[in-house]
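Work through the exercises below with the sequence and the 3D structure at hand. Try each task before reading its solution.

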Amino acid sequence: QFFQQRRRRIALSQSQTSDLERRPIELRSDDVLNGITGLIGNTPLFRVPSLSDALGVEILAKAEFLNPGGSVKDRVAVRILDDAERQGLLHPHTGSRIFEGTSGSTGISLAMVARARGYDATIITPDDMAAEKLHALRSLGADVEQVRPASIVDKKQYVNIAKQRALAFSTAASPSVVPGLQDSITVLTDSEARGFFADQFETKSNYDAHFDGTGPEVWRQTNGNVRAFVSGAGTGGTLAGVGRFLKSMEDDVVICLADPEGSGLYNKVKHGVMFDHREKEGTRRRHQVDTVVEGIGINRLTQNIELALPIIDEAFRVTDPEAVAMARYVMKHDGLFIGSSSACNLVACVRLVKKMGLHSGQRIVTVLCDSGARHYSKYLRTAGIPIDMKLVEDMLTGDFSAA
Ligand code: PMP
């Protein structure tokens with residue numbers, strides 16, 4: 001009886017659809033992506049209306065917060081593991097474990113991609129990391145080890161601990177090559193279980209993810225009509241990879257660094273010396289960048305920063321209040337809820353338009369690395385504090401050509 005009823009329903013629905021006018025739809029060969037990693041990259045490029053309208057110059061943003069792990073770092077995580085597998089350094093479902101020291105989004109992206117590819121992940125983080133990032137890591141099944149923030153030259157710094165843990169894991173599981181470590185031991189055994197140090201600061205896979213992915217996407221999406229590219233640098237992978245790709249297509253594209261307070265990169269670009277402007281020269285340098293803006297700014301040279309430095313044409317230092325005001329501004333006017341590094345990038349976009357004296361029709365591209373949802377606790381802490389939107393209004397209307 002059930003099947004009879006069902007057949008009747010189907011017959012009815014068929015007779016109804018045959019009465020409907022069928023719209024022609026162009027069929028594509030295959031629009032189905034494979035698994036969560038299939039969703040990484042190919043992010044939309046969109047116009048930021050409030051800033052573009054006020055400036056008369058198109059401010060275009062890559063919506064990296066739409067990656068499945070919530071940030072631009074998904075691209076890097078999948079590329080690092082792909083490259084390691086291609087080189088035969090990692091084999092899925094062999095009990096191998098990915099190690100990384102990160103205070104940012106890279107850990108979340110690695111934890112997600114590791115799960116999808118059949119690996120475990122251990123993420124070492126400083127113990128002052130935002131609560132929502134910790135929850136995300138744990139929800140993705142990563143082992144999280146929290147350590148006291150320390151300088152990179154300290155053995156107990158989280159990146160160094162991750163390196164040591166990867167080596168110890170491999171030695172315990174099977175004495176074998178430890179990828180990413182120069183001082184690795186090289187006795188090969190039958191077991192494939194390895195500890196793999198992802199090493200986002202130094203690995204070229206980070207740069208390649210942007211040179212082969214983000215950069216060409218920007219070029220395609222703008223039809224090659226892009227005057228400048230603006231980005232902050234944490235590892236430097238985005239700035240170096242996208243910047244070098246765009247320059248390879250069109251030498252005149254201006255590459256601009258957005259540097260938060262406390263970072264030494266601005267000084268490196270402008271004066272050739274890397275020091276935090278808030279410290280007196282000669283005092284011990286901080287390697288952690290202590291600012292509201294998370295994820296960008298650095299006080300040491302890494303492989304990926306070295307790749308970025310030669311192609312940087314312009315740099316702006318962005319203060320915490322400016323970044324916070326910008327985040328609030330685009331939230332109020334565009335409904336755009338972005339993270340602090342993205343806000344920092346937008347401030348630098350405005351400065352660049354003013355400094356270059358750009359005119360209508362010209363386009364600047366930047367990346368919105370993650371969403372404000374990654375920073376709720378910080379936003380909530382500052383929610384009651386009046387934010388000086390005038391900072392942004394002045395920036396938009398003022399004359400910054402001498403900045
Ligand atoms: N924004 C956020 C939120 C990040 O976590 C990072 C990476 N640390 C960046 C920007 C900077 O990207 P990159 O490492 O490619 O310089």
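**Exercise 1. Find what percentage of the 403 residues in the chain is buried.**

Solution. The structure is a predicted model. Buried residues account for 48% of the chain's 403 residues. The chain is built with 14 helices and 10 strands. Now take the contacts between residues at least 6 apart in sequence: 70% of them join residues at least 24 apart.

**Exercise 2. Identify the residues that touch the most other members of the largest nonpolar core, and the helix that gives this core its largest share.**

Solution. Start with the core itself, which has 67 residues. Within this core, C256 and V347 touch the most other members. Next, look at where the core residues come from: helix α12 (residues 340-356) supplies nine, the largest share. Then list the contacts of V347, leaving out its neighbours within four places in sequence: A258, V318, E322, A323, M326 and M395. Another core, of 36 residues, lies apart from the largest one and includes L90, A162, F169 and F197. As background, nonpolar side chains tend to be buried together in soluble globular proteins.

**Exercise 3. Describe how helix α3 (residues 73-86) packs against helix α4 (residues 105-117).**

Solution. Two packed helices are described by the angle between their axes and the distance between the axes.

1. The angle between α3 and α4 is about 45°, and their axes are 8 Å apart.
2. Angles from 35 to 65 degrees fall outside the roughly parallel and roughly perpendicular ranges, so α3 and α4 are oblique to each other.
3. The crossing of these two helices, α3 and α4, is right-handed.
4. On the α3 side, the residues in contact are K73, D74, V76, A77, V78 and L81; on the α4 side they are S105, T106, S109, L110, V113 and R117.
5. Sorted by class, the contact of α3 with α4 has six nonpolar, three polar and three charged residues.

**Exercise 4. Repeat the description for helix α7 (residues 204-221) and helix α8 (residues 237-249).**

Solution.

1. The axes of α7 and α8 are 7 Å apart, at an angle of about 50°.
2. At this angle, α7 is therefore oblique to α8.
3. The crossing of α7 and α8 is right-handed.
4. Among the α7 residues that meet α8 are Y207, F211, V218 and W219. The α8 residues they meet as a group include V242, F245, L246 and M249.
5. By class, the contact of α7 with α8 has 11 nonpolar, seven polar and two charged residues.

Definitions and conventions: Residues numbered from 1 in each chain as written. Predicted model: local features only at pLDDT ≥ 70, side-chain atom pairs only at ≥ 80, totals over all residues. Core = buried A, V, L, I, M, F, W, Y, C linked by C-beta atoms within 7 Å. Buried ≥ 20, exposed ≤ 12 C-beta atoms within 10 Å, placed from the backbone. Helix = DSSP H or I, 4+ residues; strand = E, 2+ residues; numbered from the N terminus. Contact = placed C-beta atoms within 7 Å. Axes fitted to C-alpha atoms, helices over the stretch in contact; angles between N-to-C directions. Parallel < 35°, antiparallel > 145°, perpendicular 65-115°, else oblique. Left-handed = near helix turned anticlockwise from the far one by under 90°. Nonpolar A, V, L, I, M, F, W, Y, C, P; charged D, E, K, R; others polar.
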